[in-house]
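Hi,

Here is the complex I promised to pass on to you. Have a look at it first, and then read my notes below.

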Amino acid sequence: MSLTIETRAAGTTTPAIAPALRVRDLVTEFRGRYGAVRAVDGVSFTVPRGSVLAVIGESGSGKSAMLRSIIGINPPTTLVTGEISVGGRDLQTMSPRDRRTARGSDVSMVFQDPLTALDPVYTVEKQLVEAIRKHHEGLDKAQARQRALELLELVRIPSAAARLKAYPSELSGGMRQRVVIAMAIAGRPTVLLADEPTTALDVTVQARMMRLFRQIQRDIDMGLVIVTHDLGVAAELADEVAVMYAGRFVEHGTATQVLTRPSHPYTEGLIEANVRAGQDRRPNAIPGAPPSLDQLPPGCAFAPRCRYAVSACWDVRPITQLVGDGHSSSCLLAS
Amino acid sequence: MTEAVVPTLLDKSFGAGTTAADRDEAARRRDEWNAARTSEQPQSFWQATLRRFATNKVGVVAAGIVLLLVLGAIFAPLLTSADPLIGKPLDRLQNVGSPGHLLGTDEQGRDMLARVLYGGRLSLLAGFVPTIGAALIGTAIGVTSGIMRGAVGTVLMRTMDMLYAFPAILLAIAVGASLGPGLTNTIIAVTIVFVPPVARVAESATRRVVVQEFVEAARLSGASTLRVARTQVLPNVLNDVIVYASGLVGVAMIIAASLSFLGLGSAPPAPEWGYMLNSLRGMVSVAPLVAIVPGFFIFLTSVAFNLASDALREAMDSRL
C-alpha cells in the first residue's frame, strides 16, 4: 500500500462497473416492547462512483435511520431487510465480522455533530492514527503518522503538522468537522455517508465544507450520500436529489429536475418553505407536521398536508412512477 | 367548494382534471382524520406508566410474586393452622412435602410453612422498610448536596463518606448494639447503613442533571431552587436511585438476619428468614431441602422485587 492518497484507477479491487452503493427495497423496522415502527419503508437507489446523492426531508422522515441501516449501526432490536451492496459486495449477507471490517474501508460515515464525534481526551493525531492503523495493519507508527498528516492536508487543514498535536477542544467547529471527515476517509471508503454534516457549523464554514466534500469526493473517487435539511447544500453538491417522506422516497431525480421542476407536492412545499436572500416572496410553511410513523394515513402519507389532495389520495398508497428521464415521483396526480 | 390550487413550482397542469367535488371529499376526509388524531386523549403519566407496565410480562409476574409474599405474610393465620413457635420434637426435620408439613419441619419440629409465612412479616419488613427509608433519606441528602454544593454539600457528603468507610455489617452491628435488640432497631440500623450509598448515587446523578440546559431554562423562567429540585432534578435522579435501591432489599434481609444471629435483631424463637437460614445451616447434610427453604424465600423476594422495580423504572421512562 502506497502512502499517498491514490486517485481513481489505482488499486480498486472491484469491477469498475459496480456502483459505489446500490440499495434495493431497504426496510428498517425498530421493534420495541410497545410495538414496531417502520422508519424506512422500501427505499431503492444507486450511487455511482464519483457521484453525490442528497437526501432531503423533514426531521423524522427516516433519513438518518436509512444511513444508519446502510452502515449497520442500528440498535440490536432493529430489523433491516433488503439489499445493500457497496462496490458490488452485499453487506447484508456478510458475517458480522466482515461487516465490521467493511465499516471504514467500504462504507464510512460522518456525523452531524463534530464535537461529540471526537474523543476529547486524545489528540487529533492519536485518533487519526488509530483509524489509519485499523485499515492498514502493515503500517508502523511513523508511517501512520505520515499518513495522518496527508489526510489532514487532504481535508485542507492549514498548518496540518501543528494541528496533529491539538486536542479536539482546541479546534474550531469547522476544523473538527474536517478532522472527522479525515478519519472517515482514512480507510478510503467506496461510499461515504454524511448525516447533516454542516448543520452544526456556522454559515460561512458551511460553504467551505461543501467545496471540501466535492474535492475529496473527486480526489478519492467515492460515492457520497449526504442527508440534509438544506436545499442549498443539495443544489450545490448533489448530482441526484431524493426527497424522503415517512420512510419513502417520494421524489427522486437529478438535482435540476427535482429542485427546478419538482413533480411532488411535498417537494414543492419544501422548496417554498426555503428562505432565500434577496427574494421577494415570503417562505410558506407546509401546514401540519409529519405523521407519526405508527399512525400513517390509509393512502398517501402526505395526503393530510397536501393542498392538491383528491379523495383517491386517501384510498390508494401511490406507487412510484417515472415522470421524466430518471425522474420519479410517487404522487397519484403526477404525470 | 374547494377551489383548484394553482401550482407554484409544479407543472402548471398538475392537478388538472380533478374536480372540485373530489377535492371537497379529500378535505372532508382530512378533517375527519385530523379530528381522530386530536380526539386521542393524552394519558396521564401514571395511566401511561400502568399501561406500559402491564405489557411487561416479567414485571407483572415479579410484581405478582411480591404481592403474594406480602399477602402470605399478612394472612398467615388463615393460611396455616400450625403454630410457628411450638413444634413437636418427634416430628423433627421432616422432609419437604411430607404429609401435614408442606415445606417440612425444622430442627425443633416446627412447621416450616407456618414459619415461612409468619417469618415473612418480620423479613419483608426488615427488607423493604430500610430500603424505602434509605431511598427517601438518601435521595434528599444527595439531591440537596448536589444542588447546594459549597459548604452544605461538603458537610453532608463528607459525613456520608465517614459512614461509608465502615463495612456495612460492622456499622449495622455498631448501631444495632447501641440501640438494643428488636425489629424496630434492626430496621433503623439497616436504614442508617443504606443511606450513604444511596446519597452518593443521588448526588452524582444530581450533579449530572443540574448542568443541563433544561435546568437552566427552569431557572431562567423564575423557578426557585426548591422548585427546580422538585420538578427538574428529582424525576431525573429517581431512575438511578430506584435501580440502585431495588438491589438493596435482599442485602437488607441478609443484614437483618446477621443481626438476629448475633442476638441483636428480632430474638428467637420468632421466625425470621435470616435467622431460620442460620439455625438450619447445621442441618444441611441431614435435610438439605428443608435447610434451603428460608434461603430460597430471601432469594425469591430479592429477585422478584428487583425485576418488578426494573419494569417499573422502564415503564416510567417517558423516553421510550
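Let me begin with chain B. Its unreviewed UniProt entry carries the annotation "transmembrane region" for residues 58–79, 122–143, 241–264 and 284–308. Keep in mind that this is a predicted model, so I checked what the coordinates do over two of those stretches. Residues 122–143 of chain B are 100% helix and 0% strand, with 31 Å between the end C-alpha atoms. For residues 241–264 of chain B, the figures are 83% helix and 0% strand, and the end C-alpha atoms are 29 Å apart.

On confidence, the mean pLDDT of chain B is 84, with 96% of its residues at 70 or more. Chain A also has a mean pLDDT of 84, and there 93% of the residues reach 70 or more. The part of chain A to treat with care is residues 1–14, where the pLDDT is below 50; this stretch still has 16 contacts in the model beyond near neighbours in sequence. For the complex, the predictor gives an ipTM of 0.70 and a pTM of 0.74.

Back in chain B, take a look at helix α10, residues 225–246: there is a kink of about 50° at L234(B), shortly before the proline P235(B). Which residues of α10(B) are buried? They are A229(B), Q232(B), V233(B), V237(B), D240(B), V241(B), A245(B) and S246(B). The buried residues of α10(B) pack against five pieces of chain B: α5 (112–148), α8 (183–210), α9 (213–220), α11 (248–261) and α13 (288–316).

Another residue to click on is Y275(B), in helix α12 (residues 273–279) of chain B. Y275(B) counts as buried because 26 other C-beta atoms lie within 10 Å, and the cut-off for that is 20 or more. Its C-alpha atom is 85 Å from that of V6(B), and the two residues are 269 apart along the chain.

Now for chain A. The domain assignment splits chain A into domain 1 (18–106 + 189–287) and domain 2 (118–187), and the centres of these two domains, taken over C-alpha atoms, are 26 Å apart. Where they meet, 14 residues of domain 1 are in contact with 13 residues of domain 2. On the domain 1 side, the elements giving two or more residues are α2 (96–105) and α8 (203–219) of chain A. The largest share, six residues, comes from α8(A). By class, that side of domain 1 has ten nonpolar, two polar and two charged residues.

F111(A) sits in the loop between β6 (107–110) and α3 (114–117) of chain A. Is F111(A) buried or exposed? It comes out as partly exposed, because it has 19 C-beta neighbours inside 10 Å, and buried would take 20 or more. Apart from neighbours within four places in sequence, F111(A) is in contact with A117(A) and D195(A). The C-alpha atoms of F111(A) and T198(A) are separated by 9.5 Å, with their positions 87 residues apart along the chain.

Finally, the interface: 19 residues of chain A are in contact with 20 residues of chain B. On the chain A side, α11 (265–272) and α12 (311–315) are the elements that give two or more residues, and α11(A) has the largest share, with four. The residues on that side divide into twelve nonpolar, three polar and four charged.

Cheers

Definitions and conventions: Residues are numbered from 1 along each chain as its sequence is written. Chains are lettered from A and ligands numbered from 1 in the order in which they are written. This is a predicted model: local features need pLDDT of at least 70, side-chain atom pairs count only at pLDDT 80 or more; totals for chains, interfaces and linings use all residues. Domain bounds come from an automatic or database domain assignment. Two residues are in contact if their C-beta atoms, placed from the backbone, lie within 7 Å. Ala, Val, Leu, Ile, Met, Phe, Trp, Tyr, Cys and Pro count as nonpolar, Asp, Glu, Lys and Arg as charged, and the others, Gly among them, as polar. The bend at a residue is the angle between axes fitted to the seven residues ending there and the seven starting there. A residue is buried if 20 or more other C-beta atoms lie within 10 Å of its own, exposed if 12 or fewer, and partly exposed in between; C-beta atoms are placed from the backbone. UniProt positions are given in the numbering used here, feature names are shortened, and annotations may be inferred rather than shown by experiment. pLDDT is the predictor's confidence in each residue, from 0 to 100.
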